[in-house]
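The following exercises are to be worked with the sequence and the coordinates at hand. Each task is followed by a solution in steps.

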Amino acid sequence: MEPTTSDADAVSEARPGVSASAGLPKALPELDKRAQDAATKSAIFSLVDVCVAYGGVPAVEDATLDLLQNEITAFIGPSGCGKSTLIRCLNRMNDLIPSASVSGKVLFYDQDLYAGDVDPVEVRKRIGMVFQKPNPFPKSIFENIAFGPKVLGMKGNMGEIVERALTRAALWDEVKDRLKTNAFGMSGGQQQRLCIARTLAVDPDVILMDEPCSALDPISTGAIEELMLDLKAKYSIVIVTHNMQQAARVSDRTAFFNVDKVQDGKRVGKLVEFDRTEKIFTAPSDQRTEQYVTGKFG
Amino acid sequence: MSPDSGRQHFQQALAELEDSALGGLDLVLEQLDRVLEALERQDVELAQLVIADDDRLDGRYLEVHQGILSLLALQAPVAGDLRLVAALLHVIKHVERMGDQCVNVAKLIPLSGHEPPVQSEILDRLVQMGQFARAEVVQCKRSFAERNVPMAEDLLARDRDINRLNREIFRLAIEAGDDVDVREWAMIMTLVARAFERVGDNAVDIGEQTAFVVTGLFREFSDASHVAAT
C-alpha cells in the first residue's frame, strides 16, 4: 500500500461507511487554512524513493516525503522501522558506516546531498545533529561551544558566538557565570541543551534530533520541547522520538514508519503515512497508523 | 501486531464508558414510554414519577462525564479513541437533554387539568410523535454502537416525520376554536409537541456523532440556519 502523504485531499476523500451520495463532509475552514500554509512553505528536504541498506540488506525502503522549512517534523514508529536510519541520511551520518548504502534522492534545497562534489563537512555544518545521550566534549562549557566555529574557521568574536548559541539554547542565564567549568558538571538536561547550543554555534539550517529526550527527566524534557518550539522560528527541525505524546506536543508534521515483513523473514521499514500532526493524532488515514498511535500494537 | 494486543485495560475502560453513555438512551426510552402513557391517560402520578426519575439520568450524565475526564487525564486517547471520547461527551449531553424533555412533558400534563377537553386529532398526532421519537432514540443508539453511518444519516429522514407532525399540531391548535379551555389545552399540547420534536433533534445530533467517530469529520446532517424546503 502506498504511503498517504495527503493534506487537503485526504479531508475530502470518501471513507468506508459513507456513501458518495450522502454528501461528503466538507473540510473545516481551519484545516483548509493550514493545508494552504503547507502549500506555500518551501521544502528544505525532498526525499524521493530513498532506500538505505546495511550490507545489502534494506533497513528502510521507498521513503518519499518533503520536510518543510521552519517546521518540526517528527518521525515515529516501532523499533526497527528505519526512522533513525532515515534521519541519519539527512546529514550523511551513514557515510561513517562502511556497509551502509543509500539510494534514491535526498535533495537539500533542491540539491542532491549525495552528489560527488558535496563536502560532507559542509553538510554537517548546515545540518546539525543532537543525539539520544548528551555527548559534550570533556572540556569547558565555553570550549564545547567554541570548538565547531574554531574548526570551521568562523570569523567574529568567539565570546559573542558562544553567548549567542547559549542564549538561543536557553542556557545562557544558567551557565554564564561558569563558562570555564567542565561541561560534565552540568545536569543531563543542561548537557543536552549544551549539545543543542553546540549545534547552533555553527549556524545550521536544520537540526536533526535522534530521541533527544529519552535520557532526560520530565522537567528537562519539557525545557527541550519548549526550546524546540522557540527554535523553529529560525531553524527547521526533524526529531525521531519513541514518545508519541512528544511528537504530538512539538511537531507540525508527523511521519509514521512501520516494519514491513518481506520475504525470507527480513524486516524492512516503510513510510506508512505522513501528514499534519493534528491529523495523525485525531483522524489518521491509514489503519496501521491508527493502531500504532492508539497503542494497539508496537 | 494484533489489533487486540496492547492497552487492553484502557480499551476495556473506553468500552465500558460507551456502554454507560449509550445505556443512558435506554433510560430515556423508559422515560419516554412512561410520559407517553401518562399523556394518553392523563395520569398525573405517573408524570410525577417521570419527574422524580430524571435524577437517574442526571446521575448517569455525571458518571459518564467524570469517566471521560478521567480517561482524558490519565490515558491521553488519540485518533479513533479520542474521537470516540469526544463523541461520548456529546452523546451523554444529548441523553441528559432528552431526559429533560421528558420532564418538560411530565410537568405540562397536570397543567391541562383533571378532565381536559382532549381533541383526538391533536392527541393522536402527539402520541405518534412520541412513538417516532422513541424509534429515533432506538435508531441513534444502534447506529452509534454499530458505527453505521448510513443508519445514522437515515435519522434525518425519520426526523422529518416528527417535524411534519409538529407543524400539523401547531396548525390544529391555531384552529382549535373559540372555547378558552380547548384553546388552553391545545396551546399546552403545542409545548408537548415541541418537547418531542427536540428529542428527535437530539437523536439526529447523536447520529452526527456516529458519523464523526467513523469519518473523523464533523458535519451537520441538516443546517438549521440555512433551511432547505423539507
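**Exercise 1. Determine whether A:Ala247 is buried or exposed, and state where it lies and what it touches.**

Solution. The model is a predicted one.
Step 1: Around A:Ala247, 25 other C-beta atoms lie within 10 Å. A residue is buried if 20 or more are found within that distance, and A:Ala247 is therefore buried.
Step 2: On the sequence, A:Ala247 belongs to helix 10 (residues 244-250) of chain A.
Step 3: With residues up to four places away in sequence left out, A:Ala247 touches A:Ala74, A:Ile76, A:Thr241, A:Thr254 and A:Thr277.
Step 4: Between the C-alpha atoms of A:Ala247 and A:Ala197 there is a separation of 22 Å, the two residues being 50 apart along the chain.

**Exercise 2. Explain why strand 10 of chain A is described as largely enclosed, and identify its pairing with strand 2 and strand 9 of chain A.**

Solution.
Step 1: Strand 10 covers residues 267-276 of chain A, and nine of its 10 residues are buried, so the rest of the structure largely encloses it.
Step 2: With strand 2 (residues 57-68) of chain A, strand 10 of chain A pairs in the parallel sense over two bridges. Here A:Val60 stands opposite A:Gly269 of strand 10.
Step 3: With strand 9 (residues 253-261) of chain A, strand 10 of chain A runs antiparallel, and nine bridges join them. A:Thr254 has A:Asp275, in strand 10 of chain A, as its bridge partner. A:Thr254 is also among the residues touched by A:Ala247.

**Exercise 3. Find which residues touch the most other members of the largest nonpolar core, and list the contacts of A:Val238.**

Solution.
Step 1: The largest nonpolar core has 139 residues, and those touching the most other members are A:Ala197, A:Val238 and B:Val35.
Step 2: Apart from neighbours within four places in sequence, A:Val238 is in contact with A:Leu67, A:Thr73, A:Phe75, A:Ile87, A:Leu90, A:Val206, A:Leu208 and A:Met209.
Step 3: As a general background, nonpolar side chains tend to be buried together in soluble globular proteins.

**Exercise 4. Compare the setting of A:Asp203 with that of A:Glu211, two residues with a positive phi.**

Solution.
Step 1: Phi is about 55° for A:Asp203, which is not a glycine, and near 50° for A:Glu211, likewise a residue other than glycine.
Step 2: A:Asp203 is placed in the loop between helix 8 (188-200) and strand 7 (206-210) of chain A, whereas A:Glu211 is in the loop between strand 7 and helix 9 (218-231) of chain A.
Step 3: A:Asp203 has 18 other C-beta atoms within 10 Å and is therefore partly exposed. A:Glu211 has 19 within 10 Å and is therefore partly exposed.

**Exercise 5. Describe the architecture of chain B and the burial of its helix 5.**

Solution.
Step 1: Chain B contains six helices and zero strands, and its C-alpha trace spans about 70 × 40 × 25 Å along the principal axes.
Step 2: Of the 230 residues in chain B, 41% are buried. Among its contacts between residues at least 6 apart in sequence, 80% join residues at least 24 apart.
Step 3: Helix 5 (residues 149-174) of chain B has 26 residues and reaches 39 Å from first to last C-alpha, close to the expected 38 Å.
Step 4: Buried residues of helix 5 of chain B include B:Leu155, B:Asp159, B:Ile162, B:Leu165, B:Asn166 and B:Ile169. Their cover includes helix 4 (120-146) and helix 6 (180-215) of chain B.

Key:
Residues numbered from 1 in each chain as written. Chains lettered and ligands numbered in written order. Helix = DSSP H or I, 4+ residues; strand = E, 2+ residues; numbered from the N terminus. Expected span 1.5 Å × (residues − 1). Buried ≥ 20, exposed ≤ 12 C-beta atoms within 10 Å, placed from the backbone. Contact = placed C-beta atoms within 7 Å. Pairing = 2+ DSSP bridges. Core = buried A, V, L, I, M, F, W, Y, C linked by C-beta atoms within 7 Å.
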